[in-house]
Amino acid sequence: MKKLFCSSLYIFLLASSSYISAEVAFVPDHSTILITGSNRGLGLEFSRQYAAAGWNVIATCRNPQTAEELQTLAGQYNQVVVEKMDVTSDRDVETLATKYKNQPIDVLLNNAGIYGTLEKQTLGTFDFEELKRVFDVNTIGSLRVSAAFLDNVAASEQKKIISLGGGMGTPTIGSMFGGHYFMKMSKAAHLSAMGTLQADVDDTGIIITMISPGRVDTQLMRDSGWTGKSISAEKSAGLVISLIARLEPEMKGRLVMYNGMIIPW
Ligand SMILES: NC(=O)c1ccc[n+]([C@@H]2O[C@H](COP(=O)([O-])OP(=O)(O)OC[C@H]3O[C@@H](n4cnc5c(N)ncnc54)[C@H](OP(=O)(O)O)[C@@H]3O)[C@@H](O)[C@H]2O)c1
């Protein structure tokens, strides 16, 4: 790990809750990332790997009190802070955006996501309340977070907003097999939202890209019913991180495979 040189810039987190470490030292000349859904799966791996690379990490999750592995990580690295943020909550998102108002964020990583119950998104047994739940996290949540932290990203050096998605959200790949309606619809709508946001902020230099992490062995993949080949969260996160570091201008507003291939819409 890169040597942390203690700086005059410390963010003192008030010990207003039991889960937050009393003091977090962000290293001023190191890059900063905010990750949603950091307590498990890919989000936890992203937090681990960015922390090990010396980044300042704002690792957010719904329930910090029970996020044991994340708390352990924060105990190992001074520059990792665990914060509460349910992406479906206006209040949570606004509270955190206010707290970090003057903190540049180089990479905003919209990782939080749910698959939804398969049966409820299968023709014949649709439950449209489940559609609303899936959209609330995957589509509205990511847009809500991106909009709230836009100024932080614009004030940073790297200026990147990344969302995780997959080919299932495209009409071409999505229509190759039936079912899984709500997951497919939520990611398609999210890609549309991110493309629109890209157009809105183009003059700020912000790059918005959706990245497909592959089939990754996480709870979400098990919820999808997939039993074929998959890669580990560790490997996938490493590949996605390497792609984020070398994003090209033509990837703006596009869906890109972890190996850098742009997926046609
Ligand atoms: N795994 C794959 O094969 C695959 C493929 C393509 C895309 N992706 C995308 O990768 C991302 C990460 O998924 P994963 O595979 O790591 O799944 P995972 O292990 O199930 O993790 C999902 C994360 O999202 C969090 N989350 C759910 N609802 C939330 C909310 N309302 N607010 C904040 N956080 C919330 C979960 O927190 P709780 O513990 O609180 O529920 C958890 O930390 C998702 O966006 C997914 O669509 C995954």
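Trainee: How many residues surround the ligand, and which are the closest?

Mentor: This is a predicted model, so keep that in mind throughout. In it, 30 residues surround the ligand. The closest are Gly37, Gly41, Ala112, Gly113 and Leu220.

Trainee: Which elements give two or more residues to that shell?

Mentor: Those are α1 (41–52), α4 and α8 (219–223).

Trainee: And how does the shell divide into nonpolar, polar and charged?

Mentor: There are 11 nonpolar residues, 15 polar ones and four charged ones.

Trainee: OK, on to strands. Where is leucine 164?

Mentor: Leucine 164 sits in strand β7, which covers residues 160–164.

Trainee: Is leucine 164 buried or exposed?

Mentor: Buried. Leucine 164 has 27 other C-beta atoms within 10 Å, and the cut-off for calling a residue buried is 20 or more.

Trainee: What does leucine 164 touch, not counting residues up to four places away in sequence?

Mentor: Leu42, Asn110, Asn111, Gly113, Ile211 and Pro213. Gly113 also turned up among the residues closest to the ligand. As for Asn111, it is 53 residues from leucine 164 in sequence, yet their C-alpha atoms are 5.7 Å apart in space.

Trainee: What about the rest of β7, how many of its residues are buried?

Mentor: Five of its five, and the strand is mostly covered. Both faces are covered too: Lys160, Ile162 and Leu164 are buried on one side, with Ile161 and Ser163 buried on the other.

Trainee: Which strand is joined to β7 by four bridges?

Mentor: That's β6, residues 107–110, and the two run parallel. One place to look is asparagine 110, which stands opposite serine 163 in β7.

Trainee: And which strand pairs with β7 over five bridges?

Mentor: β8, residues 207–212, again in the parallel sense. For an example there, take lysine 160, whose bridge partner in β8 is isoleucine 207.

Trainee: Let's change topic to the core. Of the 61 residues in the largest nonpolar core, which touch the most other members?

Mentor: Val57 and Ala59 do.

Trainee: And where does the largest share of this core come from?

Mentor: From helix α9, residues 233–245, which gives six residues.

Trainee: Back to valine 57. What is it in contact with, leaving aside neighbours within four places in sequence?

Mentor: Valine 57 contacts Ile33, Ile35, Ser47, Tyr50, Ala51, Gln79 and Val80.

Trainee: How do β4 and β5 pair?

Mentor: In the parallel sense, over five bridges. If you want one pair to click on, threonine 60 has glutamate 83 as its bridge partner in β5.

Trainee: Why is β5 largely enclosed by the rest of the structure?

Mentor: Because four of its five residues are buried.

Trainee: Now a helix. Which residues of α3 are buried?

Mentor: In α3, residues 90–99, the buried ones are Val93, Leu96 and Ala97. They span an arc of only 100° around the axis, so they lie on the same side of α3.

Trainee: What do those buried residues pack against?

Mentor: They pack against β4 (56–61), β5 (80–84) and α4 (128–148).

Trainee: Which exposed residues does the face turned away from the buried side carry?

Mentor: Arg91, Glu94 and Thr98.

Trainee: Now for backbone angles. What's the phi of lysine 159?

Mentor: About 55°, which is positive although lysine 159 is not a glycine. That residue is in the loop between α5 (150–154) and β7.

Trainee: Is lysine 159 buried or exposed?

Mentor: Buried, with 20 other C-beta atoms within 10 Å. The cut-off is 20 or more, so lysine 159 just qualifies.

Trainee: And where's histidine 180?

Mentor: In the loop between α6 (171–174) and α7 (181–201). Histidine 180 has a positive phi as well, near 55°, and is not a glycine either. It counts as partly exposed, with 17 C-beta neighbours inside 10 Å.

Trainee: Last one: is threonine 125 buried or exposed?

Mentor: Exposed, with 10 other C-beta atoms within 10 Å. Threonine 125 lies in the loop between β6 and α4, and not counting residues up to four places away in sequence, it touches Glu119 and Lys120.

Technical notes: Residues numbered from 1 in each chain as written. Predicted model: local features only at pLDDT ≥ 70, side-chain atom pairs only at ≥ 80, totals over all residues. Buried ≥ 20, exposed ≤ 12 C-beta atoms within 10 Å, placed from the backbone. Arc of directions from axis to C-beta. Contact = placed C-beta atoms within 7 Å. Core = buried A, V, L, I, M, F, W, Y, C linked by C-beta atoms within 7 Å. Near = placed C-beta within 6 Å. Nonpolar A, V, L, I, M, F, W, Y, C, P; charged D, E, K, R; others polar. Pairing = 2+ DSSP bridges.
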